[in-house]
Amino acid sequence: REQEHAWEPKGAAQLMQVRGGLSANGQPAGYDFQTSYPSNGAPTLALLLTRTIAPTARAYEMGDRTARPPYAYTNLRVSVNDMAPILRASWLRGVSALPSSFAHESYIDELATAAGIDPVAFRLQYLQDPRANELLAATAERAGWVARTGPHQQAVPGTGGEVLRGQGVAYARYVHSKWPGFGAAWSAWVADVEVNRRTGEVHVSRVVVGHDAGMMINPAGVQHQIHGNVLQTTSRALKEEVHTEPRKNTVVTQEWGAYPILNFRDVPVIEVVTLPRQHEPPLGAGESSSVPGTAAIANAIFDATGVRFREPPFTPERVRAALQSQAGAPAGPAPFNAPKAAPQPMPKGVRWPQSLPTWSRVGMVLAGVVGTTMALLGWRASIAPVQYSPSSL
């Protein structure tokens, strides 16, 4: 059993970096997105150990899923670095799209705050897809979204100000396969959270999920898929993490008893909003509703605390440390201590925007484990340029 957990494939880690900002009139002036995604196909271990196939680290060029943001940025550059795997890797639900959307949706939330505009209204202003606009508006309405231009930091009654309540939004469409890819269902989340300022515990109390998969041949089946996506994504965002030994890059977590996952007490209330599109072709519904989830939860934590978190999972230890060290400043945990690479010049004739001080990097790692029992479980691992460090997914 220990050998299985040490050698089975882990979901690929991912690092995203964003540069951009607002122009003088409060509009997005540019968006420079770079993602690094080390993955491979995780061939059968027995074939590797017997040298039936060569143990060659192979990049599968899957880091470009949903790498292009859904918003109309005047000046846009997207860079994808497909890398050889650091550990034996495979793919988890949402593949590289969930981490990419975490970056996109966290960043536009920061832009909205900097511009002093409600996050839902700001997104609707720059979403050019009519179906995306309709879905996001319907989801926000169902969730009882209250317009805001900054974090509410609303105390839960009866807690003496110890527990804060927040609401966050995110939108994404899962674009899969190799570039430019194919679009699956549209999805939007509004997540309600409660954050304990003293312990750092985060509870996702309610999730409203909007979903547009075109024609639904089995509506109940679609709802079941959405529920499963919400539970798995919430677990990944709040708890799931696999540790490695920094010097050896070997897996430390080798038994299930120590692996954190969502329990029944943590399950949120889930409300599903599906749009009647029976005249449209049916689209993939199996993964799409997981893609906006982590960003919606992070944005809700910001609404509750005024602190940005850019590195999941949002464990009590990580949240408590950030709240204590930042004292309410809008910034998340310290980014990876990696040497800064020289920025690449923008193309000639492009006006580069003002920098946004509250944002320099989004780091997200989402990993999973595919065991010999064929069970898919969420693991996570944070990645530094040189080594696999204590991590998550």
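**Exercise 1. Two unusual phi values**

Is Q153 buried, partly exposed or exposed, and what is its relative accessible area?

Solution.
- Start with the ground rules. This is a predicted model: local features need pLDDT of at least 70, side-chain atom pairs count only at pLDDT 80 or more, and totals for chains, interfaces and linings use all residues. Residues are numbered from 1 along each chain as its sequence is written, and side-chain values use heavy atoms, with hydrogens and water left out.
- Next, the classes. Buried means under 20% relative accessible area, exposed over 50%, and partly exposed in between (1.4 Å probe, protein chains only).
- Q153 has a relative accessible area of 40%, so the residue is partly exposed.
- Locate Q153: the loop between α5 (130-143) and β6 (154-155). Helices (H or I, at least four residues) and strands (E, at least two) are DSSP runs, numbered from the N terminus.
- Check the backbone. Q153 is not a glycine, yet its phi is positive, about 50°.
- Most residues other than glycine have a negative phi.
- Now take T66. T66 is not a glycine either, and its phi is about 55°.
- T66 sits in the loop between α2 (45-49) and β4 (76-83). With a relative accessible area of 7%, T66 is buried.

**Exercise 2. Cis peptide bonds**

Find the loops that hold P180 and P313, and describe the bond that leads into each proline.

Solution.
- Recall the background: most peptide bonds are trans.
- W179 and P180 are joined by a cis peptide bond, with omega about 0°. P180 belongs to the loop between β7 (163-176) and β8.
- From P312 to P313 the peptide bond is also cis, with omega near -5°. P313 belongs to the loop between α7 and α8.

**Exercise 3. The two faces of α8**

Work out which side of helix α8 (residues 316-326) is buried, and what that side packs against.

Solution.
- List the buried residues of α8: R318, V319, A322 and L323.
- Check their directions. They lie on the same side of α8, because they cover an arc of only 125° around the axis. The arc is that of the directions from the helix axis to the C-beta atoms.
- Turn to the face pointing away from the buried side. Q324 and S325 are the exposed residues there.
- Find the partners. The buried residues of α8 pack against β8 (182-196), β9 (202-212) and α7 (293-305). Contact means heavy atoms within 4.5 Å.

**Exercise 4. Two helix pairs**

Classify the packing of α3 with α7 and of α4 with α5.

Solution.
- Choose the descriptors. Two packed helices are described by the angle between their axes and the distance between the axes.
- Fix the convention. Axes are lines fitted to C-alpha atoms, for helices over the stretch in contact, and angles run from 0 to 180 degrees between N-to-C directions.
- Fix the classes. Angles under 35 degrees count as roughly parallel, over 145 as roughly antiparallel, 65 to 115 as roughly perpendicular and the rest as oblique.
- First pair: α3 (residues 97-115) and α7 pack at about 30°, with axes 8 Å apart. Therefore α3 and α7 are roughly parallel.
- The residues that meet include F102, E105 and D109 in α3, with A298, N299 and F302 in α7.
- Second pair: α4 (residues 119-126) and α5 pack at about 170°, with axes 10 Å apart. Therefore α4 and α5 are roughly antiparallel.
- V120, R123 and L124 of α4 make the contact with N133, L136, A137 and A140 of α5.

**Exercise 5. Two buried strand residues**

Describe the surroundings of D192 and V272.

Solution.
- D192 lies in strand β8. Its relative accessible area is 14%, so D192 is buried.
- The D192 side chain makes a polar contact with the Q167 side chain at 2.9 Å. A polar contact is a pair of N or O atoms within 3.5 Å; within protein, one must be able to donate a hydrogen and the other to accept it, and residues adjacent in sequence count only if both atoms are side-chain atoms.
- Leave aside neighbours within four places in sequence. D192 then contacts G166, Q167, H203, V204, S205 and R206.
- V272 lies in strand β12 (residues 269-274). V272 counts as buried, at 13% relative accessibility.
- Leave aside neighbours within four places again. V272 then contacts R142, V209, Q223, I226 and H227.
- Compare sequence and space. V272 and G210 are 62 residues apart along the chain, and their C-alpha atoms are separated by 6.0 Å.
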